[in-house]
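Reader: Please take a close look at the empty space in this model, beginning with the largest cavity. I would like to know what lines it, and then how the surrounding parts are put together.

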Amino acid sequence: MQEDRWQLQEMAADAFCLPTRGPHWYDGAKYQRLYYYQWTPYDSYVWETWKGTTMGISLAIEVKEDLEMLVDYDALGFTPEEREAQLMELQTLVAYFYMRGLDFFRGMPIFTASTQTDLYRNTDKETFDHIESLLLEAIPKLPVKTVKGTSEDGSIKQAAGAMLLAQLYFNAGAYIGENRFADCAKICQDILDGKYGTYELEPTWYGVHHFDNDRSPEVIWCTPSQNAKRAYNWFWKHFYHSESYKYFDLESGGDNGGMIQPSRKPTGEIYTEFRLRKGYEKFHDQDLRKKPYVYKGNKVYEGMFLVGEQTNPLTGVSTLGIQEYQGEVITFVDQVAHFRKVGTEYASVAELPSTIATGEETSGVRLVKVPQPNLVDKSFRNDADNPVLRLAEVYYMLAECKYREGKAGEAANLINTVRRRNFEGGQDPDPVTSDNLDEYRLSDEWFIEFMGEGRRRTDLIRWDKFVTEDWWNHKATNSKHLNRFPVPAEAIAGNNLLEQNPGY
């Protein structure tokens, strides 16, 4: 869900980027190749994603085999039903990792035992069918959540298995060229009707991401995180300025890397040249999430972004620049350009180029979807779990299925059910309607609700927009083979039975 896998999903799409900031983050043009779709089988993020995916498959299979061989399961205090459920959780994990492989690379080698060695790649359809069969067997045997709001510990329940199957059907057109939206819609409706357990939407926008989100009634599957233990914290170093810890009132900073792609030109106008435009400015001005992030103490906070002047309104402490703006209070802008070069290399702001190679330390709004406490409450830090699956996605999948079925009004109602919590008193000034809902508005709604949750590339591919549309500094390639990544050279070197994807 993080690091290289996240980067392939988000920084290769229209949501995020990692610009070169003066002398920093060029990294052999690694992130520029990712953004311009110039990746190769030799890029590290491709290899790490293949390795992480196949490692997940192999470990889950191995542990499942170990547990199947236990002859004294009853002596450990587990009932036969609990034993079966645990084995099926591991089988669902195998299916999950295979689905990630299918999404990134399409056909994968299908392993059914840890004793198998090098195998040929199976076809896209064979991989799809294998995932489907694993989930169909596992779902009825997984435990069911019967009390909403009880703490999630990372275990996989029936709703999670069902939702993974819905995701598989939802993207079947991209994966194997088959329309399975009706199958997806049926599962989504069953989840909403409580067939697979007791869940409900959070009443607030932040509840599903909060420090205590393991007890969120919206979370269907999360990976646990806890301060000073196994922590979901990789985002900290990547997105925030090295001095942002002063704004957060914490003790150490980040690497000032990733950012939301800019909504505005260097001159300040919002980009209008392409349909997939804007990031931060996709959010309505009255959206509660659009406020600057401020931690108020005792797990209470507001806003979801670092934007504007970085002076904490409660402490008065500022983030100060260390590069182009050394000693000055940092102001994060929704733009990318070498503003400090106006008057030397450029005569005016209007002449400034805006590309992934022209960032400054102030470039870009930063996402704070995972809350940060202050030093007083630092024991809460990293307590927010990573919500892998949440009920809002079920509403959005069902909405898209309804839209594709020609039922725009029903689709709008489903999306608005989620949207209204993002506005004061539930009063949405720009609700989705049957008249304003088209594929671009629907794409925007996916972007807004799930920003930064590692899924944007998949959504664009499903709508056939990943290689066919322009955005900010990216031009459409119209090269369909780029909808899948290459099999990494290192994987082929270790198993010469693996066949490279077409076009690489």
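Author: The model is a predicted one. Its largest cavity has a lining of 19 residues, and those nearest the centre are Trp 6, Tyr 232, Lys 369, Val 370 and Gly 452. The space inside the largest cavity comes to about 260 Å³. A search of the whole structure gives four cavities of 30 Å³ or more.

By class, the lining of the largest cavity consists of 12 nonpolar, four polar and three charged residues. Two elements, helix H9 (234-239) and strand E10 (386-390), each contribute at least two residues to this lining. Helix H9 gives the most, namely three residues.

Strand E10 also leads to the open space of the model, since it is among the elements that each supply at least two residues to the lining of the largest pocket. The others are helix H1 (3-10), helix H3 (44-68), helix H4 (80-105), helix H6 (158-170), strand E2 (219-223) and helix H11. Helix H4 provides the largest share, seven residues. The volume of the largest pocket is about 1,200 Å³. Its lining is made up of 46 residues, with Met 1, Gln 2, Tyr 96, Thr 223 and Val 388 nearest the centre. Divided by class, the lining of this pocket holds 24 nonpolar, 13 polar and nine charged residues.

Helix H11, one of the elements lining the largest pocket, also packs on another helix. Helix H11 covers residues 391-404 and its partner, helix H13, residues 439-449; the axes are 11 Å apart and make an angle of about 175°. Angles over 145 degrees count as roughly antiparallel, and H11 and H13 are therefore roughly antiparallel to each other. On the H11 side the contact is made by Ala 392, Glu 393, Tyr 396, Met 397, Glu 400 and Tyr 403. On the H13 side the residues are Glu 439, Leu 442, Glu 445, Trp 446 and Glu 449. The contact of H11 with H13 has six nonpolar and five charged residues, and no polar ones.

Aromatic rings are the last item. The model has 34 aromatic pairs. One of them joins Phe 211 and Tyr 295, whose ring centres are 6.1 Å apart with 80° between the planes, an edge-to-face arrangement. This pair links distant parts of the chain, as the two residues are 84 residues apart. Phe 211 sits in the loop between helix H8 (181-192) and strand E2, while Tyr 295 belongs to strand E4 (residues 294-297). Strand E2, at one end of that loop, is also among the elements lining the largest pocket.

Terms used: Residues numbered from 1 in each chain as written. Predicted model: local features only at pLDDT ≥ 70, side-chain atom pairs only at ≥ 80, totals over all residues. Heavy atoms only, no water. 1 Å grid on protein atoms, 1.4 Å probe; cavity = no way out; pocket = protein on both sides within 12 Å on 5 of 7 lines; lining within 4 Å. Points joined across faces, edges and corners; volume = space filled by probe spheres on them. Helix = DSSP H or I, 4+ residues; strand = E, 2+ residues; numbered from the N terminus. Nonpolar A, V, L, I, M, F, W, Y, C, P; charged D, E, K, R; others polar. Axes fitted to C-alpha atoms, helices over the stretch in contact; angles between N-to-C directions. Parallel < 35°, antiparallel > 145°, perpendicular 65-115°, else oblique. Contact = heavy atoms within 4.5 Å. Phe/Tyr/Trp six-rings, centres within 6.5 Å; stacked < 30°, edge-to-face > 60°.
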